[in-house]
Amino acid sequence: MKKLLFGLILMSLVSCNSRNTNFNELKNCLNEEDISVLEKGLMDFESRLAEKYEGLDKEEGYIQFLNDFIGNEISPDFFLNPKSKTIRTEVKEIGIWQLSEESDEGMEAEIRLDGSQPEKSAGILTLRNEFQNCLITKVSNDGIKNFLYLRTKVPNLSWGFTTKYIHDGINEKDLKNKMNRLAMAYGIYYEFALNLEK
């Protein structure tokens, strides 16, 4: 009986420890403060998903988000929720972003979900190649890896088009992996939100 109890306690500690240190893998890419902001940003995004897709579990919410995003069925308010303004500002200030000087009229039009004409843009804010390459080595889903790889090669490619790489190769089991969810949150939600905001 003592062995069984000890085994259960050990498994519980290992499980808790692995959940809390999921992002330690990013320490060779980012400092601890930036990793902390990434984690807060992921929690905020997931709270937005839980509100929007009430009644669905977290993984189903991610899949529905992908469907709606590709179908251009998400209101700008979801991305620019005033409750998330502070975390968006923190996320924008960490060193994972770059301004792509090459701007694509189709992509700028895609950003304007309300149908208004885009103003002359100074470019598109994208994840830095170094950060995307780091994520590529950390995520387990091939669709996310392909999405990130394509975004490093052609950063101004349409979000809807590149997001299909994830959509076509993801399942709920893949979404139990926190690093996969982090890559989606920053590669889609935050990148899109920060460009809407600028």
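This is a guided walk through the structure shown above, from its overall layout to a few of its details. The model is a predicted one, and everything below describes that model.

Let us begin with the chain as a whole. The protein chain has 198 residues, and buried residues account for 43% of them. Its secondary structure consists of 10 helices and two strands. If you follow the sequence from start to end, the elements come in the order α-α-α-α-α-β-α-β-α-α-α-α. Among the contacts in the chain with a separation of 6 or more, 72% are between residues 24 or more positions apart.

Now look inside. The largest nonpolar core contains 50 residues, and Phe-65, Phe-79, Trp-97 and Tyr-186 are the ones with the most contacts inside it. Helix H10, which spans residues 178-197, gives this core its largest share, 13 residues. Trp-97 makes a good place to pause. Leaving aside residues up to four places away in sequence, Trp-97 touches Tyr-186, Tyr-190, Glu-191 and Leu-194, and also Val-91, Lys-92, Leu-125, Thr-126, Leu-127 and Arg-128.

Helix H10 also has a helix partner to visit. In general, two packed helices are described by the angle between their axes and the distance between the axes. For H3 and H10, the angle is about 35° and the axes are 12 Å apart. Their crossing is left-handed. On the H3 side, the residues that meet H10 are Lys-58, Tyr-62, Phe-65, Leu-66 and Phe-69, and on the H10 side they are Arg-181, Met-184, Ile-188, Tyr-189 and Phe-192. You may recognise Phe-65, one of the residues with the most contacts inside the core.

Next come the charged residues. Side chains of opposite charge can pair when their charged atoms come close. In this model the count comes to 12 salt bridges, and three of them make useful stops.

The pair of Asp-44 and Arg-48 is one of these, with the closest N and O atoms 3.8 Å apart. How are these two residues placed along helix H2? They are four residues apart in this helix, which runs over residues 32-52, so about one helical turn separates them. Both Asp-44 and Arg-48 are buried.

Another salt bridge joins the side chains of Glu-46 and Lys-58, at 3.4 Å from N to O. This pair links distant parts of the chain, with Glu-46 in helix H2 and Lys-58 in helix H3 (residues 58-70), 12 residues apart. Glu-46 is buried, because its relative accessible area is 13% and the limit for buried is under 20%. Lys-58, at 39%, is partly exposed. Lys-58 is also among the H3 residues that meet H10.

For a contrast in setting, turn to Glu-32 and Lys-27, whose side chains meet in a salt bridge of 3.9 Å, N to O. Glu-32 is exposed, with a relative accessible area of 58%, and Lys-27 is partly exposed at 44%.

The chain also has a covalent link to look for. How many disulfides are counted here? There is one disulfide, formed by Cys-29 and Cys-134, with their sulfur atoms 1.7 Å apart. The link is right-handed, with 80° about the S-S bond. Distant parts of the chain are joined by this pair: Cys-29 sits in the loop between helix H1 (2-20) and H2, Cys-134 sits in helix H7 (residues 129-138), and the two are 105 residues apart. Is each cysteine buried or partly exposed? Cys-29 is partly exposed, with a relative accessible area of 31%, whereas Cys-134 is buried, at 6%.

Two last stops complete the walk. Asn-72 lies in the loop between H3 and helix H4 (76-79). Most residues other than glycine have a negative phi. Asn-72 has a positive phi instead, near 55°. With 52% relative accessibility, Asn-72 counts as exposed. Lys-153 belongs to helix H8, which covers residues 142-153, and is exposed with a relative accessible area of 55%. Lys-153 and Asn-129 are 24 residues apart in sequence, while their C-alpha atoms are 8.5 Å apart in space.

How values were computed. Residues are numbered from 1 along each chain as its sequence is written. This is a predicted model: local features need pLDDT of at least 70, side-chain atom pairs count only at pLDDT 80 or more; totals for chains, interfaces and linings use all residues. Side-chain values use heavy atoms; hydrogens and water are left out. A salt bridge is a side-chain nitrogen of Lys or Arg within 4 Å of a carboxyl oxygen of Asp or Glu. Buried means under 20% relative accessible area, exposed over 50%, partly exposed in between (1.4 Å probe, protein chains only). A nonpolar core is a set of buried Ala, Val, Leu, Ile, Met, Phe, Trp, Tyr and Cys residues joined through side-chain atoms within 4.5 Å. Contact means heavy atoms within 4.5 Å. A disulfide is a pair of cysteine sulfur atoms within 2.5 Å. Axes are lines fitted to C-alpha atoms, for helices over the stretch in contact, and angles run from 0 to 180 degrees between N-to-C directions. A crossing is left-handed if the near helix is turned anticlockwise from the far one by less than a right angle, and right-handed if clockwise.
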